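Reader: I'd like to learn how to read a model like this one, going from a single residue up to the packing of helices. Can you walk me through it?

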Amino acid sequence: MTGAPASAAGGSGATPAPRGGKLGAAAVNQAGLWNIANILTMVRLLLVPGFVMLLLHDGGYDPVWRAFAWAAFAVAMITDVFDGHLARTYNLVTDFGKIADPIADKAIMGAALICLSALGDLPWWITGVILFRELGITLMRFWVIRHSVIPASRGGKVKTLAQGIAVGMYVLALTGPLATLRFWVMMAAVVLTVVTGLDYVRQAVVLRRRGLAAAVEAVAAVADANTSGARYAGGEAGGTTEGVVEPVAEPLVEPVGERVAGGRGTAEAER
């Protein structure tokens, strides 16, 4: 005997899978609510009230507390980058993440803009433009979600980066040339906000039209299939009917012939 029993070789004799592969598959299959991406999203949500308290502490004009508020804002922006990357890379996308991630993004940015405008550091029209765009695009995504998904564009990512840098500079108590610089950075962010918003509107209209056209084509295809099936069924029914009528028509001829012949015979007898 040159071969070892299957039990000695490891049970079934099959080559065991690497432990790393099993753990990786288990991690993917067991991706639930408590994964690293969702935890970072929750941290960002919890940072929102803390950021507001730090920014508005002592009237909102203390440079030290505003530096602490900037640190909280920076952590929120960094986690925004990492949680999405981790979710896509390690297949940790969940329904909670799909809903909570954009809410956390809008919450921290909206809180910063509103607080800065309330303190008089940022004009209200800038806050209105940015918030109107963000809310409008979010609603538009739900408008076309049945037909398709609007992908995140490169311009949208640049817009988010510009907004984060500009708002961060406004959170800090900057003076002199840096205060002038932050104004122009904010103007660039506003321009990107408007331009990318219009591009999202264009994409949403195109995707919705394509979705509606595809739906109409699908309905027409189903209707054609049903019509073809009805015609085929009607042809089979017609062939069956012809087969039934033919034997019935034959016995009907004989009585008519007999009647005619009988009529003629009676007439000749009377003659």
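Author: Sure, and let's start small. Keep in mind that this is a predicted model. Pick out Arg44, which sits in helix H3.

Reader: Okay, is Arg44 buried or exposed?

Author: The way to read that is the relative accessible area, with under 20% counting as buried. Arg44 comes out at 0%, so Arg44 is buried.

Reader: Which side chains does the side chain of Arg44 make polar contacts with?

Author: Look for pairs of N or O atoms within 3.5 Å. One such contact, at 2.9 Å, links the side chains of Arg44 and Asp83. Another runs from the Arg44 side chain to that of Asp101, at 2.7 Å.

Reader: And which residues does Arg44 touch, leaving out those up to four places away in sequence?

Author: With those left out, the list is Ala76, Thr79, Asp80, Asp83, Asp101, Ala104 and Asp105. For orientation, helix H4 covers residues 63-89 and helix H5 covers residues 95-118.

Reader: Then let's do helix pairs. How do I describe one?

Author: Two numbers do the job: packed helices are described by the angle between their axes and by the distance between those axes. Take H3 and H4: their axes are 9 Å apart and the packing angle is about 165°. Since angles over 145 degrees count as roughly antiparallel, H3 is roughly antiparallel to H4. Their crossing is left-handed. Sorted by class, the contact of H3 with H4 holds 17 nonpolar, 2 polar and 4 charged residues.

Reader: What do the same two numbers look like for H3 and H5?

Author: Here the axes come within 9 Å and cross at roughly 15°. That angle makes H3 roughly parallel to H5. H3 passes H5 in a left-handed crossing, and the contact has 17 nonpolar, 3 polar and 3 charged residues.

Reader: How does H5 sit against H7?

Author: Helix H7 spans residues 154-171, and the axes of H5 and H7 come within 11 Å, crossing at roughly 40°. The two helices are therefore oblique to each other. The crossing of H5 and H7 is left-handed as well.

Reader: Which residues meet there?

Author: From H5 you have Met109, Ala112, Leu113 and Leu116, and they meet Gln163, Gly164, Val167, Tyr170 and Val171 of H7. The class count is 7 nonpolar, 2 polar and no charged residues.

Reader: Can we try another single residue, to check that I've got the method?

Author: Good idea: go to Ser117, which lies in helix H5. Its relative accessible area is 5%, so Ser117 is buried.

Reader: Which side chain does the Ser117 side chain make a polar contact with?

Author: Thr127, at 2.5 Å between the two side chains. Leaving out residues up to four places away in sequence, Ser117 touches Leu122, Pro123, Trp124 and Thr127.

Reader: Zooming out, how many helices and strands does the chain have?

Author: It has 8 helices and 0 strands, so to speak an α-α-α-α-α-α-α-α pattern along the sequence. Of the 271 residues in the chain, 28% are buried.

Reader: And what share of the contacts with a separation of 6 or more comes from residues 24 or more positions apart?

Author: For the protein chain, that share is 74%.

Note on methods
Residues numbered from 1 in each chain as written. Predicted model: local features only at pLDDT ≥ 70, side-chain atom pairs only at ≥ 80, totals over all residues. Heavy atoms only, no water. Axes fitted to C-alpha atoms, helices over the stretch in contact; angles between N-to-C directions. Helix = DSSP H or I, 4+ residues; strand = E, 2+ residues; numbered from the N terminus. Parallel < 35°, antiparallel > 145°, perpendicular 65-115°, else oblique. Left-handed = near helix turned anticlockwise from the far one by under 90°. Contact = heavy atoms within 4.5 Å. Nonpolar A, V, L, I, M, F, W, Y, C, P; charged D, E, K, R; others polar. Buried < 20%, exposed > 50% of the residue type's maximum accessible area, 1.4 Å probe, protein only. Polar contact = N/O pair within 3.5 Å; in protein donor to acceptor, adjacent residues only side chain to side chain.
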